[in-house]
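Dear colleague,

I am handing over a structure that I would like you to look through at your own pace. Please open it first, and then read the notes below alongside it.

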Amino acid sequence: MKPIPQLLSMKHPFKIGWLSLLLTALPFFVQAKVYESLDHLPSRDYDFIVVGGGIGGSVVASRLTEDPQFSVLLVEAGPNDEGIFEMRVPAFTFQLDSKYDWKYVTEPVAGLNNRTFDYARGHVLGGSTSINGMIYTRGAGDDYDEWARITSDPGWSWNSLFPLIKRHERWVPPLGGRDISGQYDPQFHGSNGNTLISLVQSEPIDFDRRIMQAVEELDGEFPFNLDQNSGKPIGVTWNQNTFGDGERSSAADAYLNSEVRGRPNLDIVVNTLATKVLPTGQEGSGGLLDIRTVELAPRTGGPTRKALTAKKEVVLAGGVFNTPHLLLNSGIGNSTELSELGITTIHDLPDVGKGMSDHHAVLNVWNTTGTPFSPPGPEALEEWKESKTGPLANLTFSGRPFIWARIPENDPIFEEYGPDPASGENAPHIEIIPGDTGSQVSAIIIMLTPKSRGSVTLRSSDPFDPPAIDLGYFTHPFDFEALRIGVSLAIRFFSAPVWSDYLTALLTPDPEKEPREVIEEFIRSQGVVGNHATGSAAMSARDKLKEGVVDPDLRVKGVSGLRIVDASVIPISPTAHPQAPVYLLAERAAELIREAYQADVMFGYELTERQLQM
């Protein structure tokens with residue numbers, strides 16, 4: 001960090017004294033500017049227009065407006081998140097009103113017996129972080145090193161991104177006094193950032209202790225891992241979550257708190273849909289098509305449209321489905337496919353909406369000798385209201401350790417179906433999430449390294465029509481075989497001696513005992529979506545003009561003024577639940593944008609009273 005005297009000596013056409021800066025910031029403490037509709041949005045000019053209020057939009061809008069030189073409009077299709085009680089209580093995650101979900105439904109998935117699936121995406125300020133399961137996993141450091149290799153940009157490597165963890169994360173101990181020593185590694189966590197990260201409040205229950213006993217009994221097959229977020233997640237490890245002090249910590253909570261919303265250089269409009277991005281009619285840098293205009297409409301529909309042009313850039317942060325949907329509606333994509341829908345192509349970029357990947361999942365279930373746990377009663381809500389503790393402060397009743405595993409290198413799968421798709425030796429192929437209801441034990445088996453790819457396309461030229469989401473599950477045979485191996489790994493873990501007096505019968509097929517066709521039908525009929533889609537507008541190397549959608553700086557290839565900051569740009573499926581990778585992506589994106597405009601005021605300055613008087 002530069003000392004204040006060095007900051008003052010920087011050369012820039014924008015100069016301001018500390019007193020003026022303080023006076024300029026006074027509205028910051030007075031008025032929070034969240035406009036409830038497009039009609040209420042005043043006529044102003046903005047340096048940046050950010051579309052989408054999830055992780056990417058929240059982080060970029062917050063970080064850019066730390067500098068008073070930059071003005072930002074943040075556009076969110078869903079409602080404001082403030083005052084939604086159920087969103088604050090972790091245990092109420094699955095009781096949220098459906099209006100906070102885009103309510104997407106996939107196309108029939110051929111690999112899953114042509115079933116369709118509801119696919120939840122957050123339709124509220126904070127995006128999916130306001131409605132998700134709050135699981136916080138960064139994945140393998142090898143994943144990020146693969147980003148760097150694919151883009152030819154070492155800035156995307158694990159070591160380069162690691163300082164951003166400290167910037168965005170604030171580790172907090174769980175309320176209630178749970179002893180978490182030996183359950184995480186503080187060297188891999190930040191303590192002064194924005195997003196609250198913690199372990200669950202409740203002490204480990206018998207189920208958790210059995211899991212750790214199984215680790216010892218299986219003697220290295222599933223080793224204990226002190227911290228899954230060290231960049232080396234393989235093993236059995238305590239789950240970490242995006243909550244703290246008894247409440248959810250969404251992207252809106254973390255980056256758009258009341259102070260941030262009150263900044264004079266930030267406006268937020270909700271209940272407003274971006275229907276298109278448009279050329280400005282000017283020539284952009286390098287003679288490229290200049291796209292800095294956004295067409296907005298009320299979320300409820302109708303003919304009303306309002307076009308706003310950013311002075312510097314439009315940043316798309318709508319997410320893995322909405323970002324390609326918006327680009328395609330704007331005429332940016334495969335020109336042949338667009339013409340079939342009567343959409344005029346303004347920029348032929350064939351990979352828009354292509355190459356999407358998602359985790360594949362299936363569930364193992366055992367009966368137990370126990371009885372069902374009783375759900376929390378009314379007293380639990382009173383406890384949460386009074387102290388933010390108790391069962392409602394957790395999404396689960398137990399600490400729920402997770403299991404991350406690799407398929408052995410000598411397994412025939414790699415000889416039969418081609419090279420290992422994992423990013424490196426520290427990247428797991430399989431995640432196993434154990435659960436216990438008292439009368440049944442479950443294991444969600446998630447295949448993390450798919451070779452199959454799906455797509456996001458248009459149903460029509462109407463921007464209010466939802467996108468067509470083709471998950472493409474099991475279009476590559478590796479994925480089915482890997483998930484089958486994952487089922488066997490879960491059964492192996494739950495065959496340790498410690499389970500002998502608790503588990504009674506396995507209710508789902510065992511690949512080691514059942515014919516292959518039985519296992520195939522089990523996976524195809526019972527498999528579920530991972531809800532971890534990425535890569536529908538992937539980044540690639542700068543010199544690959546028609547491969548990928550954005551360059552390593554997240555600029556849309558072949559145009560100027562347009563950038564993407566969300567999960568759609570992640571080029572390979574992360575071995576993680578994607579919210580943590582997207583936080584790191586968004587923090588670096590904010591750096592890239594600020595560096596592009598040579599901002600004087602850098603991140604993280606804390607001005608003392610004496611410095612303000614200078």
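The notes go from the overall form to one helix and then to a patch on the surface.

This is a predicted model, in which local features need pLDDT of at least 70 and side-chain atom pairs count only at pLDDT 80 or more, while totals for chains, interfaces and linings use all residues. Residues are numbered from 1 along each chain as its sequence is written, and side-chain values use heavy atoms, with hydrogens and water left out.

The protein holds 17 helices and 27 strands (DSSP runs, H or I of at least four residues for helices and E of at least two for strands, numbered from the N terminus). Its C-alpha atoms fill a box of roughly 70 × 60 × 45 Å along the principal axes. Of the 614 residues, 60% are buried, where buried means under 20% relative accessible area and exposed over 50%, with partly exposed in between (1.4 Å probe, protein chains only).

Helix 10 (residues 322-329) is largely enclosed by the rest of the structure, because eight of its eight residues are buried; among them are Pro324, His325 and Leu326. Just after helix 10, Gly331 takes a positive phi of about 90 degrees.

Glu386, by contrast, is exposed, with a relative accessible area of 74%, and it lies in helix 12 (residues 378-387). Together with Glu379, Glu382 and Glu383, Glu386 forms a negative surface patch, a patch being made of residues with over 30% relative accessible area and no salt bridge (a side-chain nitrogen of Lys or Arg within 4 Å of a carboxyl oxygen of Asp or Glu), with like charges joined within 9 Å.

With best wishes

Methods
Patches are made of residues with over 30% relative accessible area and no salt bridge: like charges are joined within 9 Å, nonpolar side chains (Val, Leu, Ile, Met, Phe, Trp, Tyr) within 5 Å. Accessible areas come from the Shrake-Rupley method with a 1.4 Å probe; for residues, only the protein chains shown count as cover. Lys and Arg count as positive and Asp and Glu as negative; His and the chain ends are not counted. The place of a charge is taken as NZ of Lys, CZ of Arg, CG of Asp or CD of Glu.
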